[in-house]
Amino acid sequence: MTNFKIFKYANPAKFLYLCEKTFIYLVLLTIIFLSFGLYQGFFNSPEDYQQGNLVRIMYVHVPSAWMALMIYSSIAVASCMYLINKHLLANIFCKSASLIGASFTLIAIVTGSIWGKPTWGTWWVWDARITSMLVLFFLYLGHMTIFNFSENTTKSGQAAALLAILGFVNIPIIKFSVDWWNTLHQPASVIKLSGPTIHSSMLTPLLVTALGFFFYFLVVLIIRMRSEITNEKINNLSFTD
């Protein structure tokens, strides 16, 4: 348990104190960024010259996909911390973040399917990007299942951590699939070494909405981690100050 002292807020008591001080600000930032970003994206951004108003689904689809990848990556990092340093708070983070990441992944898949129907003429294709996103969703489901399968927090945490780390290989596959294979999915237009190719009138609300999604993730994460810490205390797991 002394490993908690390595990082200032790895101690649950200090973490809860930080959450108490920042929670309301995160809620306000979520409301501000989502309201502004989605309003600008749905009502003030221009239509696409090919897709028309259909392109507006991008303001939900793209940030959701980004969040799905970011959350899984953070889970993989936290899993390494848990396996190496036995930080219980890292394990709680992984357990709490998994459902949120799975939700964002499902939103990305569903909105992508809705977007693909009029664009490609079908709801689903076994495209490299789409298929690897589906694999990510199943990785999230497997990760959550492991946590729920055993009441032994240590064993389930270790098994879930191994899955998260091994499954991380899928993240670069998702990112670079449109470059490595001939796919129907359009190539990256925002995160590119040469810079974004999307116009600022679309890029700005997209990035603002993505920030809103990120703050929303933090809000829900804090709520879930608070609940998990409380459950750990109820289950007689000791936390030192």
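Reader: Leaving aside neighbours within four places in sequence, which residues is Tyr-216 in contact with?

Author: Tyr-216 is in contact with Thr-30 and Phe-104. Contact here means heavy atoms within 4.5 Å. Keep in mind that this is a predicted model.

Reader: Where is Tyr-216 found?

Author: Tyr-216 is in helix α7, which covers residues 200-234. Tyr-216 and Ile-31 are 185 residues apart in sequence. In space, their C-alpha atoms are 8.4 Å apart.

Reader: What makes Tyr-216 partly exposed?

Author: Its relative accessible area is 41%. Buried needs a value under 20%, and exposed needs one over 50%. Tyr-216 fits neither, so it is called partly exposed.

Reader: How many salt bridges does the structure hold?

Author: One. Lys-95 forms a salt bridge with Glu-228. The pair links distant parts of the chain, 133 residues apart. Lys-95 is in helix α3 (residues 88-120), and Glu-228 is in helix α7.

Reader: Why is the pair of Lys-95 and Glu-228 called a salt bridge?

Author: The closest N and O atoms are 3.4 Å apart. The cut-off is 4 Å, so the pair qualifies.

Reader: Are Lys-95 and Glu-228 buried or partly exposed?

Author: Lys-95 has 27% relative accessibility, so it counts as partly exposed. Glu-228 has 13%. That is under 20%, so Glu-228 counts as buried.

Reader: How many disulfides does the count come to?

Author: Zero. A disulfide is a covalent bond between the sulfur atoms of two cysteines. The rule asks for sulfur atoms within 2.5 Å.

Reader: How do you know that Cys-94 is too far from Cys-80 for a bond?

Author: Cys-80 holds the closest cysteine sulfur to that of Cys-94, and the two are 9.2 Å apart. The limit is 2.5 Å, so there is no disulfide between them.

Reader: Why is Cys-94 called buried?

Author: Cys-94 has a relative accessible area of 2%. The cut-off for buried is under 20%, so Cys-94 meets it. Cys-19, at 3%, is buried too.

Reader: Which residues make the nonpolar surface patch of about 430 Å²?

Author: Ile-24, Tyr-25, Leu-28 and Ile-32 make the patch. Ile-24 lies in helix α1, residues 12-44.

Reader: What makes Ile-24 fit for a patch, at 47% relative accessibility?

Author: Patch residues need over 30% relative accessible area. Ile-24 has 47%, so it passes that cut-off. Its value is not over 50%, so Ile-24 counts as partly exposed.

Terms used:
Residues numbered from 1 in each chain as written. Predicted model: local features only at pLDDT ≥ 70, side-chain atom pairs only at ≥ 80, totals over all residues. Heavy atoms only, no water. Helix = DSSP H or I, 4+ residues; strand = E, 2+ residues; numbered from the N terminus. Buried < 20%, exposed > 50% of the residue type's maximum accessible area, 1.4 Å probe, protein only. Patch = residues over 30% accessible without salt bridge, like charges linked within 9 Å, V, L, I, M, F, W, Y side chains within 5 Å. Areas by Shrake-Rupley, 256 points an atom, 1.4 Å probe, with all protein chains shown as cover. Salt bridge = Lys/Arg side-chain N within 4 Å of Asp/Glu carboxyl O.
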